[in-house]
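User: Could you take a close look at one part of this predicted model for me? I would like to follow the middle of the sheet and see what is packed around it.

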Amino acid sequence: MALTVAHGIIDMVDCVIPAAGLSSRMGAWKPMLPYNNSTLLDAAIKHALQFCSKVIVVAGYRADELVLRYQYQQHIKVVVNTDYQQGMLSSIQKGITAVTSARFFITHADMPCIDPQVFRMLLQARHATVVFAGNQQQTGHPVLIDSVLIPSILTLPITAKMKQVLQTGTEHYLQLNAASGIYYDIDTPEKYQQLIAKNKE
(Lines give C-alpha, C1' and ligand atoms only; values in the text may rest on other atoms or scores of the structure.)
Protein backbone atom coordinates (compact mmCIF):
# COMPACT_ATOMS: atom_id res chain seq x y z
CA MET A 1 0.00 0.00 0.00
CA ALA A 2 1.09 3.58 -0.47
CA LEU A 3 0.46 6.40 1.96
CA THR A 4 -0.11 9.78 0.35
CA VAL A 5 1.72 12.22 2.59
CA ALA A 6 2.17 15.97 2.27
CA HIS A 7 5.50 16.67 3.92
CA GLY A 8 5.74 19.86 5.95
CA ILE A 9 9.15 19.01 7.40
CA ILE A 10 10.77 21.83 9.33
CA ASP A 11 13.49 19.65 10.85
CA MET A 12 15.17 16.31 10.19
CA VAL A 13 13.61 14.31 12.97
CA ASP A 14 12.60 10.67 13.39
CA CYS A 15 9.43 9.39 15.02
CA VAL A 16 9.24 6.04 16.80
CA ILE A 17 5.83 4.34 16.81
CA PRO A 18 5.60 1.11 18.84
CA ALA A 19 3.09 -1.26 17.21
CA ALA A 20 4.28 -4.57 18.58
CA GLY A 21 1.74 -5.59 21.21
CA LEU A 22 -1.00 -8.21 21.27
CA SER A 23 -3.82 -5.65 21.61
CA SER A 24 -5.32 -7.81 24.34
CA ARG A 25 -7.61 -5.08 25.72
CA MET A 26 -9.02 -4.42 22.29
CA GLY A 27 -9.61 -8.06 21.44
CA ALA A 28 -8.49 -7.32 17.86
CA TRP A 29 -5.17 -6.30 16.36
CA LYS A 30 -5.16 -2.52 16.72
CA PRO A 31 -2.63 -1.37 14.10
CA MET A 32 -4.70 -2.64 11.18
CA LEU A 33 -8.19 -1.77 12.45
CA PRO A 34 -10.02 0.13 9.70
CA TYR A 35 -10.17 3.88 10.11
CA ASN A 36 -10.87 6.70 7.68
CA ASN A 37 -10.31 4.59 4.56
CA SER A 38 -7.04 3.23 5.93
CA THR A 39 -6.02 1.96 9.38
CA LEU A 40 -5.27 3.30 12.86
CA LEU A 41 -1.53 2.87 12.31
CA ASP A 42 -1.66 4.43 8.84
CA ALA A 43 -3.31 7.51 10.34
CA ALA A 44 -0.68 7.81 13.08
CA ILE A 45 2.11 7.49 10.51
CA LYS A 46 0.54 9.97 8.13
CA HIS A 47 0.21 12.62 10.81
CA ALA A 48 3.80 12.15 11.96
CA LEU A 49 5.20 12.35 8.44
CA GLN A 50 3.79 15.82 7.96
CA PHE A 51 6.63 17.07 10.15
CA CYS A 52 9.03 14.12 10.48
CA SER A 53 11.64 12.90 8.04
CA LYS A 54 11.24 9.23 9.01
CA VAL A 55 8.85 7.04 10.98
CA ILE A 56 10.27 3.98 12.71
CA VAL A 57 7.51 1.42 13.27
CA VAL A 58 8.33 -1.19 15.90
CA ALA A 59 6.63 -4.46 15.00
CA GLY A 60 6.33 -7.59 17.12
CA TYR A 61 3.08 -9.56 17.07
CA ARG A 62 2.24 -10.27 13.39
CA ALA A 63 5.43 -8.43 12.46
CA ASP A 64 5.61 -9.95 8.97
CA GLU A 65 2.40 -8.17 7.99
CA LEU A 66 3.76 -4.76 8.91
CA VAL A 67 7.09 -5.43 7.23
CA LEU A 68 5.24 -6.36 4.04
CA ARG A 69 2.83 -3.45 4.23
CA TYR A 70 5.49 -0.75 4.49
CA GLN A 71 8.48 -2.31 2.74
CA TYR A 72 8.41 0.09 -0.21
CA GLN A 73 7.65 3.25 1.76
CA GLN A 74 10.68 5.54 1.55
CA HIS A 75 10.06 7.36 4.83
CA ILE A 76 8.91 4.36 6.88
CA LYS A 77 11.33 1.89 8.48
CA VAL A 78 9.98 -1.22 10.23
CA VAL A 79 12.12 -2.80 12.94
CA VAL A 80 11.11 -6.02 14.66
CA ASN A 81 11.13 -6.51 18.42
CA THR A 82 11.25 -10.26 18.98
CA ASP A 83 10.93 -9.61 22.74
CA TYR A 84 7.70 -7.59 22.39
CA GLN A 85 5.95 -9.64 25.08
CA GLN A 86 8.26 -8.02 27.62
CA GLY A 87 6.27 -4.82 27.21
CA MET A 88 6.23 -1.35 25.72
CA LEU A 89 9.66 -0.32 27.00
CA SER A 90 11.31 -3.18 25.11
CA SER A 91 9.73 -1.91 21.89
CA ILE A 92 10.80 1.67 22.54
CA GLN A 93 14.34 0.48 23.23
CA LYS A 94 14.33 -1.45 19.96
CA GLY A 95 12.93 1.50 18.03
CA ILE A 96 15.39 4.10 19.28
CA THR A 97 18.35 2.00 18.11
CA ALA A 98 17.25 2.99 14.58
CA VAL A 99 17.07 6.73 15.33
CA THR A 100 19.57 8.82 13.35
CA SER A 101 18.29 12.35 14.07
CA ALA A 102 19.43 14.72 16.82
CA ARG A 103 15.95 14.64 18.34
CA PHE A 104 13.11 12.16 17.94
CA PHE A 105 9.44 11.73 18.72
CA ILE A 106 7.66 8.83 20.38
CA THR A 107 3.97 8.40 19.72
CA HIS A 108 1.58 5.43 19.59
CA ALA A 109 -0.12 3.39 16.89
CA ASP A 110 -3.51 3.66 18.56
CA MET A 111 -3.61 7.48 18.61
CA PRO A 112 -4.95 8.45 15.16
CA CYS A 113 -6.53 11.74 16.25
CA ILE A 114 -3.43 13.74 17.21
CA ASP A 115 -3.50 17.10 15.45
CA PRO A 116 -0.41 17.06 13.18
CA GLN A 117 0.34 20.62 14.26
CA VAL A 118 1.28 19.25 17.69
CA PHE A 119 4.48 17.89 16.12
CA ARG A 120 5.30 21.37 14.81
CA MET A 121 4.69 22.98 18.20
CA LEU A 122 6.91 20.45 19.94
CA LEU A 123 9.69 21.03 17.42
CA GLN A 124 9.62 24.75 18.10
CA ALA A 125 10.58 24.15 21.75
CA ARG A 126 14.29 23.93 21.06
CA HIS A 127 15.83 24.51 24.47
CA ALA A 128 14.58 21.48 26.42
CA THR A 129 15.94 17.95 26.34
CA VAL A 130 12.41 16.54 26.66
CA VAL A 131 9.21 18.25 25.53
CA PHE A 132 5.79 16.85 26.42
CA ALA A 133 2.59 17.85 24.67
CA GLY A 134 0.56 17.72 27.88
CA ASN A 135 1.28 18.47 31.51
CA GLN A 136 3.16 16.89 34.39
CA GLN A 137 0.24 14.71 35.44
CA GLN A 138 -0.94 13.80 31.93
CA THR A 139 2.05 14.01 29.64
CA GLY A 140 0.26 12.91 26.47
CA HIS A 141 1.79 12.02 23.10
CA PRO A 142 3.81 12.65 21.08
CA VAL A 143 6.85 13.41 23.22
CA LEU A 144 10.00 14.97 21.74
CA ILE A 145 13.31 13.68 23.12
CA ASP A 146 16.91 14.73 22.58
CA SER A 147 18.96 11.81 21.28
CA VAL A 148 21.56 12.36 24.01
CA LEU A 149 19.12 10.44 26.24
CA ILE A 150 19.15 7.30 24.08
CA PRO A 151 21.96 5.58 26.07
CA SER A 152 20.08 6.23 29.33
CA ILE A 153 16.85 4.80 27.88
CA LEU A 154 18.65 1.73 26.55
CA THR A 155 20.11 0.94 29.96
CA LEU A 156 16.74 1.03 31.74
CA PRO A 157 15.72 -2.38 33.14
CA ILE A 158 12.70 -3.86 31.40
CA THR A 159 10.53 -3.25 34.48
CA ALA A 160 11.38 0.46 34.61
CA LYS A 161 9.28 3.42 33.51
CA MET A 162 10.40 5.93 30.89
CA LYS A 163 9.65 8.78 33.28
CA GLN A 164 12.78 7.85 35.23
CA VAL A 165 14.74 9.33 32.32
CA LEU A 166 12.24 11.80 30.87
CA GLN A 167 10.79 13.49 33.96
CA THR A 168 13.80 14.73 35.88
CA GLY A 169 12.77 18.34 36.43
CA THR A 170 14.35 19.82 33.30
CA GLU A 171 11.58 18.83 30.87
CA HIS A 172 9.13 21.24 29.25
CA TYR A 173 5.33 20.90 28.98
CA LEU A 174 3.26 22.56 26.25
CA GLN A 175 0.07 22.25 28.34
CA LEU A 176 -2.07 21.45 25.28
CA ASN A 177 -5.70 20.48 25.85
CA ALA A 178 -7.50 17.24 25.05
CA ALA A 179 -8.96 18.66 21.83
CA SER A 180 -5.51 18.25 20.24
CA GLY A 181 -5.89 14.46 20.50
CA ILE A 182 -2.79 14.02 22.66
CA TYR A 183 -4.60 11.87 25.25
CA TYR A 184 -6.98 9.99 22.97
CA ASP A 185 -5.80 6.39 22.64
CA ILE A 186 -8.06 3.75 21.08
CA ASP A 187 -7.40 0.80 23.37
CA THR A 188 -10.85 -0.76 23.93
CA PRO A 189 -13.71 -1.89 21.66
CA GLU A 190 -15.88 0.87 23.13
CA LYS A 191 -13.38 3.59 22.24
CA TYR A 192 -12.99 2.19 18.75
CA GLN A 193 -16.73 2.20 18.15
CA GLN A 194 -16.92 5.78 19.44
CA LEU A 195 -14.14 6.75 17.04
CA ILE A 196 -15.89 5.19 14.05
CA ALA A 197 -19.21 6.77 14.99
CA LYS A 198 -17.57 10.19 15.36
CA ASN A 199 -15.85 9.80 12.00
CA LYS A 200 -19.21 9.21 10.32
CA GLU A 201 -20.72 12.42 11.68
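Analyst: Happy to; what follows is a walk through the sheet, starting from strand 6 and working outwards.

Please keep in mind throughout that this is a predicted model. The sheet is open and has 7 strands in the order 5-4-1-6-8-7-9, with mixed pairing. Strand 5 (76-80) and strand 9 (172-173) stand at its edges, each with a single partner strand, so one side of each has no neighbour in the sheet. Strand 6 sits between strand 1 and strand 8 in that order, which makes a good place to begin.

On one flank, strand 6 and strand 1 (residues 14-19) pair in the parallel sense over 3 bridges. Within that pairing, Phe105 of strand 6 is the bridge partner of Cys15. On the other flank, strand 6 (residues 103-106) runs antiparallel to strand 8 (residues 143-146), joined by 4 bridges. There, Arg103 stands opposite Asp146. In general, strands of a sheet pair through backbone hydrogen bonds, either parallel or antiparallel.

Now for the side chains. In a regular strand they alternate between the two faces of the sheet. Strand 6 is covered on both faces: Arg103 and Phe105 are buried on one side, and Phe104 and Ile106 are buried on the other. Phe105 deserves a closer look. Leaving out residues up to four places away in sequence, Phe105 touches Val13, Asp14, Cys15, Val16, Cys52, Phe119, Leu122, Leu123, Pro142, Val143 and Leu144. Phe105 is also, with Leu41 and Ile45, among the residues with the most contacts inside the largest nonpolar core, which has 34 residues. At least two residues of this core come from each of strand 1, helix 1 (40-48), strand 4 (54-59), helix 2 (63-70) and helix 4 (117-123). There is a second, separate core of 24 residues, and its members include Val16, Val143, Met162 and Leu166.

One of the contacts of Phe105 is Pro142, which has a feature of its own. The peptide bond from His141 to Pro142 is cis, with omega near 5°. As background, most peptide bonds are trans. Pro142 lies in the loop between strand 7 and strand 8. Those two strands pair in the antiparallel sense over 3 bridges, strand 7 covering residues 130-132. Val131 stands opposite Leu144 of strand 8 in this pairing, and Leu144 is another residue that Phe105 touches.

Moving the other way from strand 6, past strand 1, we come to strand 4. Strand 1 and strand 4 run parallel and are joined by 6 bridges. Val16 has Ile56 of strand 4 as its bridge partner. Two helices pack on this part of the sheet. Helix 1 touches strand 1, strand 4 and strand 5, and its direction makes about 170° with that of strand 1. Helix 3 (residues 88-96) touches strand 1, strand 4, strand 5 and strand 6, and its direction makes about 145° with that of strand 1. Helix 3 is mostly covered, with 7 of its 9 residues buried. Those buried residues are Leu89, Ser90, Ser91, Ile92, Gln93, Gly95 and Ile96. They pack against strand 1, strand 4, strand 5, strand 6 and also helix 5.

Helix 1 brings us back to the largest core, where Leu41 and Ile45 are among the residues with the most contacts. Both of these residues also take part in the meeting with helix 2: Leu41, Asp42 and Ile45 in helix 1 meet Leu66, Arg69 and Tyr70 in helix 2. The axes of the two helices come within 13 Å and cross at roughly 50°. Helix 1 and helix 2 are therefore oblique to each other, and their crossing is right-handed.

Finally, two backbone details from the loop between strand 2 (34-35) and strand 3 (38-39), where Asn36 is found. Most residues other than glycine have a negative phi. Asn36 has a positive phi of about 55° although it is not a glycine, and with a relative accessible area of 47% Asn36 is partly exposed. Asn37 lies in that loop too, with a positive phi near 65°. Asn37 is exposed, with a relative accessible area of 85%.

Notes:
Residues are numbered from 1 along each chain as its sequence is written. This is a predicted model: local features need pLDDT of at least 70, side-chain atom pairs count only at pLDDT 80 or more; totals for chains, interfaces and linings use all residues. Side-chain values use heavy atoms; hydrogens and water are left out. Two strands pair if DSSP finds at least two bridges between them. Buried means under 20% relative accessible area, exposed over 50%, partly exposed in between (1.4 Å probe, protein chains only). A nonpolar core is a set of buried Ala, Val, Leu, Ile, Met, Phe, Trp, Tyr and Cys residues joined through side-chain atoms within 4.5 Å. Contact means heavy atoms within 4.5 Å. Axes are lines fitted to C-alpha atoms, for helices over the stretch in contact, and angles run from 0 to 180 degrees between N-to-C directions. Angles under 35 degrees count as roughly parallel, over 145 as roughly antiparallel, 65 to 115 as roughly perpendicular and the rest as oblique. A crossing is left-handed if the near helix is turned anticlockwise from the far one by less than a right angle, and right-handed if clockwise.
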